[in-house]
Amino acid sequence: MEVKKLSISWQFLIVLVLILQILSALDFDPYRVLGVSRTASQADIKKAYKKLAREWHPDKNKDPGAEDKFIQISKAYEILSNEEKRSYYDHYGHAGESQGYQKQREYRFRHFHENFYFDESFFHFPFNSERRDATDEKYLLYFSHYVNEVVPDSFRKPYLVKITSDWCFSCIHIEPVWKEVVQELEGLGVGIGVVHAGYERRLAHHLGAHSTPSILGIINGKVSFFHNAVVRENLRQFVESLLPGNLVEKVTNKNYVRFLSGWQQENKPHVLLFDQTPVVPLLYKLTAFAYKDYLSFGYVYMGLRGSEEMTRQYNINSNTPTILVFKEHINKPADVIQYCVVLLTAEATKLSKPFEAFLSFALANTQDTVRFVHVYSNRQHEFASTLIPDGEAFQGKSGVSILERRNTAGRVVYKTLEDPWTGSESDKFILLSYLDQLRKDPALLSSEAVLPDLTDELAPVFFLRWLYSAADYISDCWDNILYNNWREMMPLLSLIFSALFVLFGTVMVQAFSDASDERESSPPDKEDAREKAGKAEPSFTKENTSKIPKKGFVEVTELTDVTYTSNLVRLRPGHMNVVLILSNSTKNILLQKFALEVYTFTGSNCLHFSFLSLDKHREWLEYLLEFAQDAAPIPNQYDKHFMERDYTGYVLALNGHKKYFCLFKPQKTVEEEEALGSCSNLDSSLQLGESRGKSSCGLGSRPIKEKLSKLSLWMERLLEGSLQRFYIPSWPELD
């Protein structure tokens, strides 16, 4: 019977949970949660989500149900921002999940039936980083950031660092306390950091954290571990224990003269805080640590017997904390810090009546605890809009606010005069009455706000700001290169070495390129050409040149066994070597004429110019001419004058890559061959003339340089590609 009752109870419990789950699913309407219609566009959905997320974010909204509401808002936006999930919800009343890890993870929470499951949000366990509170993302530390920023900054303020990881149940347990402490201590000026041991293992080991969660403090570059229970008071005391014990000196009526006279030995101004609490406030200690190199700090507990003498001497309001700054004179403070009265007015070319009235009121003030400043609302719009309420009453008018600073993060309590400041006597009376009331009742400052940073009205021009930003960026990159681990730097190093390799390859290609890429220079003058060759230089026209020459000379090299391979056999594709055939006796004359004829073609990068000595390499030339039978016919029988055939003035355009050449034959070569043939019937005692290539048969009195008179026309045809080509199987050796 008992077993039966127990079975019925379990069945009833299962059915009840099932009903509650179904009702919860049916009750969830993403359109209603975001407050949009079913026909809303994606822009409307996104706008509504941002508005609600700002309103219900747990860090800003202290409502107990804010966290659950924020989860619903996020879930509703996740469904409606995805067109596939939105369509599925419109058809079936719930969002269909896609395949993969998300579906497998939710399958772990399904029980008893396919339609009966507990959603992960039901348990509120953010086990992994995807569901982890976004607060930690703001404070994540990396090794380079820790070395470059946190360690140097720890000499000005302490840091509280949490070591966490994924799937850390204890990390989840301390999360609410951590958020509360972070919100409080960061406002006081304590640095906050979070190290993810899974992704920043190097930094975690460097800090000495071998387990998660761990909480540690960093001050003056030294690391101290927290070993107590994780509660708000313990963490606050831990941060306070990090600070040096002699930061703030307790000052009474017995030692205040000695303390204030210490400026002679320390050469520092001295600061005194008068307050009603027996313990030195943590904010004051943090301020003392930040400025310990420039100021000496003391604290006066006004509840202590005997302090009335100091409060009376320095006219201290016992109802509110007051800070006095002393320099050389110990009887009169150099500055008193308590309240600040701000005039928010528009900038004008001349002083307006409200501004003049505020200035006269400030000059007539006798209270040392009040300071007066003015702010141009059109230049500091964000600052002014924080203090002045929205409405038509202050539109285009001046306003006055009384404020007191509460922490280094810019949090202040303030009171803005209800009516705009016109500078009338009634306005002055109202302001004076407020200042008198503050001496007795500090609660008059009922509003609270966080002031934004002031805009730098004297900031440099955009170009200088850009230079400063670029310098900071380069400095950050350099620091990252120095301090990041090599695994993180591998992609960047790979990119750098790839760029260097491409650059090196480009430089090498240019280094081995043709020498014609050198800087341009003007061609030689016509007078110089006449002096050298006795003929005017050809004009640079479209008919006789393809490119303007880059040099004032023609570079002609001798084709020898040393230069043969580079200038012919291994010549780059598309390049040709134009070779002049000459002898020792005709060398100077032919080279001058050759240079004049080909000068206008030196602008082409694919042409190279050489000369070949007929006296040294006649066999190589005659081997090539065998493949151009129409240009150099080979006799059928032995001719004793064949070895004396004159090839001076011949020009060959050699293509080393495709193994062919084009031949230029001087104009009178045919006549000379006929004349040479007629000489074969003469006596064998024929004497040669003044040169080896010129017989005594009287082969004409024309100058030798006239052999190249038609070379420029031949070069034009060579560049056009209309010359006959003579191919050879391979280039012979040049002995």
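This passage describes the overall make-up of a predicted model, two of its sheets with the helices packed on them, and one buried lysine.

At the level of the whole chain, 26 helices and 22 strands are found. Of the 735 residues, 38% count as buried. The accessible surface amounts to about 44,300 Å², and carbon and sulfur atoms contribute 55% of that area. Among the contacts with a separation of 6 or more, 72% join residues that lie 24 or more positions apart.

Moving along the chain, a convenient place to start is a sheet of four strands. This sheet is open, with mixed pairing and the strand order β4-β3-β5-β6. Its edges are formed by β4 (191-196) and β6 (222-225), each of which pairs on one side only. On average, neighbouring strands here are turned by 25 degrees against each other, direction ignored. Strand β3 (residues 159-164) runs parallel to β4, and six bridges join the two; T164 stands opposite H196 in β4. Two helices accompany these strands. Helix α9 (residues 169-188) lies across β3, β4 and β5 (214-219), at about 160 degrees to β3. Helix α11 (residues 232-242) lies across β3, β5 and β6, and its direction makes about 30 degrees with β5.

A buried charge deserves a brief stop on the way. K415 sits in strand β15 (residues 411-416). This lysine is buried yet has no salt bridge: the nearest side chain of opposite charge, E418, is 4.5 Å away, and a salt bridge would need a distance within 4 Å. Beyond its neighbours within four places in sequence, K415 is in contact with V400, S401, I402, Y434, L444 and L445.

Further along comes a sheet of six strands. This sheet too is open and mixed in its pairing, and its order is β17-β19-β18-β20-β21-β22. Strands β17 (556-558) and β22 (726-727) stand at the edges with a single partner strand each, so one side of each has no neighbour in the sheet. Within the sheet, β18 (residues 576-582) and β19 (residues 607-613) pair in the parallel sense over seven bridges, and N577 stands opposite H608 in β19. Helix α23 (residues 587-598) packs on the sheet, where it touches β17, β18, β19 and β20 (651-655), and its direction makes about 150 degrees with that of β18. Helix α26 (residues 711-720) lies across β18, β19, β20 and β21 (660-664), running at about 155 degrees to β21.

How values were computed
Residues numbered from 1 in each chain as written. Predicted model: local features only at pLDDT ≥ 70, side-chain atom pairs only at ≥ 80, totals over all residues. Heavy atoms only, no water. Pairing = 2+ DSSP bridges. Contact = heavy atoms within 4.5 Å. Axes fitted to C-alpha atoms, helices over the stretch in contact; angles between N-to-C directions. Buried < 20%, exposed > 50% of the residue type's maximum accessible area, 1.4 Å probe, protein only. Areas by Shrake-Rupley, 256 points an atom, 1.4 Å probe, with all protein chains shown as cover. Lys, Arg positive; Asp, Glu negative; His and termini not counted.
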